[in-house]
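Here are my notes on this model, as numbered points. Please read them with the coordinates open.

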Amino acid sequence: MLRIGLRKKISPRVANGHPWIFANEVEKMDPGIKPGEIVGVYFHDGKFAGKGYVNPKSQILVRLLTRNKKDEINEDFFINRIKECWEYRKKIGYTENCRLVFGEADELPQLIIDKFNDYFVIQTLALGIDKWKASFVKGINLIFNPKGIYERNDVPVRELEGLPQQKGFLSDPFGTNIIISENGLKFYVDVENGQKTGFFLDQQDNRRAIQHIVKDADVLGAFTYTGTFEIHAAHYGARSVLGIDISENAVRQATQNAELNNLQNIVRFETANAFDVLKQWSKDGRQYDVVMLDPPAFTKSRETIQNAIAGYNEINLRGIKLLRPGGFLVTSSCTNLVSPEMFLQIIDMAAKDARRKIRQVVFQTQSPDHPVVREIEATQYLKFLIVQVQ
């Protein structure tokens, strides 16, 4: 196996468990290393650091797969890793729908596999993991005997690795608008054209967290996407629910999901820009018992973090102003670039700007099928908060 040697002074994060090794942390490389190849990585003193895949075209030169020198990186290695991922999900109670593989948190860097009952969606986001795609498909077939497997590699990040964007069947073709069950409700999942892999599984526990506060309430949801939070609110006994999203396609899908659950008389959806209408509605004096905000990340780089903070502050300020005294704000942030502490500070700032008092009800992260590894910052990305607004 070809070797890569690290500089003497590198970030302690590598020794502490982080799998990424940046190009500027490497002192020497054996000649002839090819992109996507498995290499051995060694600290400056010659001690073994791990084995991983390499890509000289990427800023992240190596992503480690194991720190066990005895591990052979082959097809069986990857199939066994998928088996381990499945055993973990079963032990914590996620068997029907779950994130089966969560990249770095499952020691399979840049691999995402989502399980939607008997259907699977794969993303291989780096060259070194993409080369083993056939092994992942074989593993899924061996372990699950699925009804279908679909590839959603139509993401720009692949281009940074010299990979094309693409999507398509990795099994016999199947109808890609499937139906799953969650918390006693049914939802369409568009695995071909939906956002990311077609459905946001990371909020499945958080959607249950609203069940008591929405009973007999007038509820507003913004950035609704396919209406999962709003439909849960209707299911849990809300008096009325309005969901808004800027995407006409999302609103159409949300309406179909409401009809699928026979809740169309309680929940309705409208196409609207949340930033515009929430500001206007607060001026108009509209009031709700519960306001739910599930916006996009607002930033994907540290260079634009201030814009993200301003966006989160603005949208939460508008949400707070629309609440009756004693009402509840349900709000999320899905970028790891905004830390939990920073997110709480943003909500505090929004409340002060609105001259309202708040008290925390629930503060949690993504569901445990998206496990958090403290040494890997990107694995703890979702912040979910419920506060009562006085």
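1. Burial comes to 55% of the 390 residues in the chain. The model is a predicted one, so every remark below concerns a prediction.

2. The chain holds 9 helices and 20 strands. Its radius of gyration is 23 Å, close to the 21 Å from the globule rule for 390 residues, so the chain is as compact as a globular protein of that length. The C-alpha trace spans about 70 × 45 × 35 Å along its principal axes.

3. Contacts across the sequence deserve a note. Take the contacts in the chain with a separation of 6 or more: 61% of them join residues 24 or more positions apart.

4. Next, the second largest pocket. Its volume is about 170 Å³. The lining includes a run from Gly93 through Tyr94, Thr95 and Glu96 to Asn97. Ser181, Glu182 and Asn183 also line the pocket, as do Gln204, Asp205 and Arg208. Two elements give two or more residues each to this lining: strand 12 (177-182) and helix 4 (204-208). Helix 4 supplies the largest share, with 3 residues.

5. What is the chemical make-up of that lining, in nonpolar, polar and charged residues? The split is 1 nonpolar, 6 polar and 4 charged. Tyr is counted as nonpolar and Gly as polar under the scheme used. Both Tyr94 and Gly93 belong to the lining.

6. Helix 5 covers residues 228-235 and is mostly covered, with 7 of its 8 residues buried. The buried residues are Thr228, Phe229, Glu230, Ile231, His232, Ala233 and Ala234. Just after helix 5, Gly237 adopts a positive phi of about 105°.

7. Phe223 sits in the loop between strand 14 (218-222) and helix 5. Its phi is positive, near 60°, and the residue is not a glycine. Is Phe223 buried or exposed? The relative accessible area of Phe223 is 16%; buried means under 20%, so Phe223 counts as buried.

8. Glu107 is another non-glycine residue to check, with a positive phi of about 60°. Glu107 belongs to the loop between strand 7 (97-102) and strand 8 (111-116). The relative accessibility of Glu107 is 44%. That value lies between the 20% and 50% cut-offs, so Glu107 is partly exposed.

9. Arg152 is part of strand 10 (residues 148-153). This charged residue is buried, at a relative accessible area of 5%. What does the side chain of Arg152 make a polar contact with? The partner is the side chain of Asp154, at 3.0 Å.

10. His370 lies in the loop between strand 19 (358-364) and strand 20 (383-389). Although placed in a loop, His370 is buried, with a relative accessible area of 2%. Leaving aside residues up to four places away in sequence, His370 touches Arg99, Phe102, Leu201, Asp202 and Tyr381. Arg99 and Phe102 fall within strand 7 (97-102).

11. Three places to revisit in the viewer. One is the second largest pocket, with its contribution from helix 4. Another is the pair of positive phi values at Glu107 and Phe223. The last is the buried side of the story: Arg152 with its polar contact to Asp154, and His370 with neighbours including Leu201 and Tyr381.

How values were computed
Residues are numbered from 1 along each chain as its sequence is written. This is a predicted model: local features need pLDDT of at least 70, side-chain atom pairs count only at pLDDT 80 or more; totals for chains, interfaces and linings use all residues. Side-chain values use heavy atoms; hydrogens and water are left out. On a 1 Å grid over the protein atoms alone, a cavity is a set of points where a 1.4 Å probe fits but cannot get out, and a pocket is an open set with protein on both sides within 12 Å along at least five of seven lines; lining residues have an atom within 4 Å of a point. Grid points are joined across faces, edges and corners, and a volume is the space filled by probe spheres set on the points. Helices (H or I, at least four residues) and strands (E, at least two) are DSSP runs, numbered from the N terminus. Buried means under 20% relative accessible area, exposed over 50%, partly exposed in between (1.4 Å probe, protein chains only). A polar contact is a pair of N or O atoms within 3.5 Å; within protein, one must be able to donate a hydrogen and the other to accept it, and residues adjacent in sequence count only if both atoms are side-chain atoms. The radius of gyration is taken over C-alpha atoms; the globule rule is 2.2 Å times the number of residues to the power 0.38. Contact means heavy atoms within 4.5 Å.
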